[in-house]
Amino acid sequence: MAAEYMIRQLTSEDEPILWEALYQGLHRAGGDASPSREVLRRPEFARYVEGWGREGDRGFIASDTESHQLLGAVWYREPAMGMTPELLFVVAPGQRKRGIGAALLTQWVRTNPEQSEISMRVDVSNPAVRLYERFGFRVVEDREGFVTLRRDA
């Protein structure tokens, strides 16, 4: 029997949870080998989590209703002027293909209907791209490990 989960809005107290989610996302991106957790402190990764809770930070977490274990998260930070917004999206290993990713993305789109353009640091073949396409996003640019998706808001 599959464990039940709940989705809630992220708060400023959730920075430690996001560090773990970021690590899980990097682990998946890196293949079978587990990267050192020290990699999280590199500026190109730390910028997604460090100091979480500032103005414009928003997102959701999915956790097991009994154990409160992290199952997935989707989060966003306001980009620098002129940059395409990046949406970070992670479903924990062993929890994929259970509808958690779709539930998180549904919550994101319902709460942020104006979000019509996002960038993801993934290969175009990443299953997350297909999930975004189910929500009306389409790939408009694929460049050097970044995929930009857009949808009509």
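Biologist: How many bridges join β1 to strand β2?
Modeller: This is a predicted model: local features need pLDDT of at least 70, side-chain atom pairs pLDDT 80 or more, while totals for chains, interfaces and linings use all residues. Residues count from 1 along each chain as its sequence is written, and side-chain values use heavy atoms, without hydrogens and water. Strand β2 covers residues 58-64 and runs antiparallel to β1. The number of bridges joining β1 to β2 is 5.

Biologist: Which residue in β2 stands opposite M6?
Modeller: Strands here are DSSP E runs of at least two residues, helices H or I runs of at least four, numbered from the N terminus. Two strands pair if DSSP finds at least two bridges between them. In β2, the residue opposite M6 is S63.

Biologist: Why is one side of β1 and of β4 left without a neighbour in the sheet?
Modeller: The sheet is open, and its 4 antiparallel strands come in the order β1-β2-β3-β4. That puts β1 (5-9) and β4 (87-91) at the edges. One side of each is left free in the sheet because each has a single partner strand.

Biologist: What is the average twist from one strand to the next in the sheet β1-β2-β3-β4?
Modeller: Angles run from 0 to 180 degrees between N-to-C directions of axes fitted to C-alpha atoms, for helices over the stretch in contact. In this sheet of β1, β2, β3 and β4, the twist averages 10°.

Biologist: At about what angle to β2 does α3 run?
Modeller: Helix α3 lies across β1, β2, β3 (70-76) and β4. Its angle to β2 is about 150°.

Biologist: Is Q24 buried or exposed?
Modeller: Q24 belongs to helix α1, residues 15-29. Buried means under 20% relative accessible area, exposed over 50%, partly exposed in between (1.4 Å probe, protein chains only). With a value of 13%, Q24 is buried.

Biologist: Which residues does Q24 touch, beyond those up to four places away in sequence?
Modeller: Contact means heavy atoms within 4.5 Å. By that rule, with residues up to four places away not counted, Q24 touches L70, V90, A92 and P93.

Biologist: How far apart are the C-alpha atoms of V109 and F135?
Modeller: V109 is in helix α3 and counts as buried at 15% relative accessibility. Leaving aside neighbours within four places in sequence, V109 contacts F135, F137 and R151. V109 and F135 are 26 residues apart along the chain, yet their C-alpha atoms are separated by 8.1 Å.

Biologist: Which residues is N112 in contact with, leaving aside its neighbours within four places in sequence?
Modeller: N112 sits in the loop between α3 (100-111) and β5. N112 counts as buried, at 4% relative accessibility. Sequence neighbours within four places aside, its contacts are R58 and R151.

Biologist: Which strands stand at the edges of the sheet β5-β7-β6?
Modeller: This open sheet has 3 strands with antiparallel pairing, in the order β5-β7-β6. Neighbouring strands are turned by 20° against each other on average, direction ignored. Two strands have a single partner each, so one side of each lacks a neighbour: β5 (117-120) and β6 (138-143).

Biologist: Which residue in β7 stands opposite S119?
Modeller: Strand β7 covers residues 146-150. 4 bridges join β7 to β5, and the two run antiparallel. Opposite S119 in β7 is T148.

Biologist: Which helix packs on the sheet with β5, β6 and β7?
Modeller: This helix covers residues 127-134 and touches β5, β6 and β7. Its direction makes about 170° with that of β5. The helix is α4.
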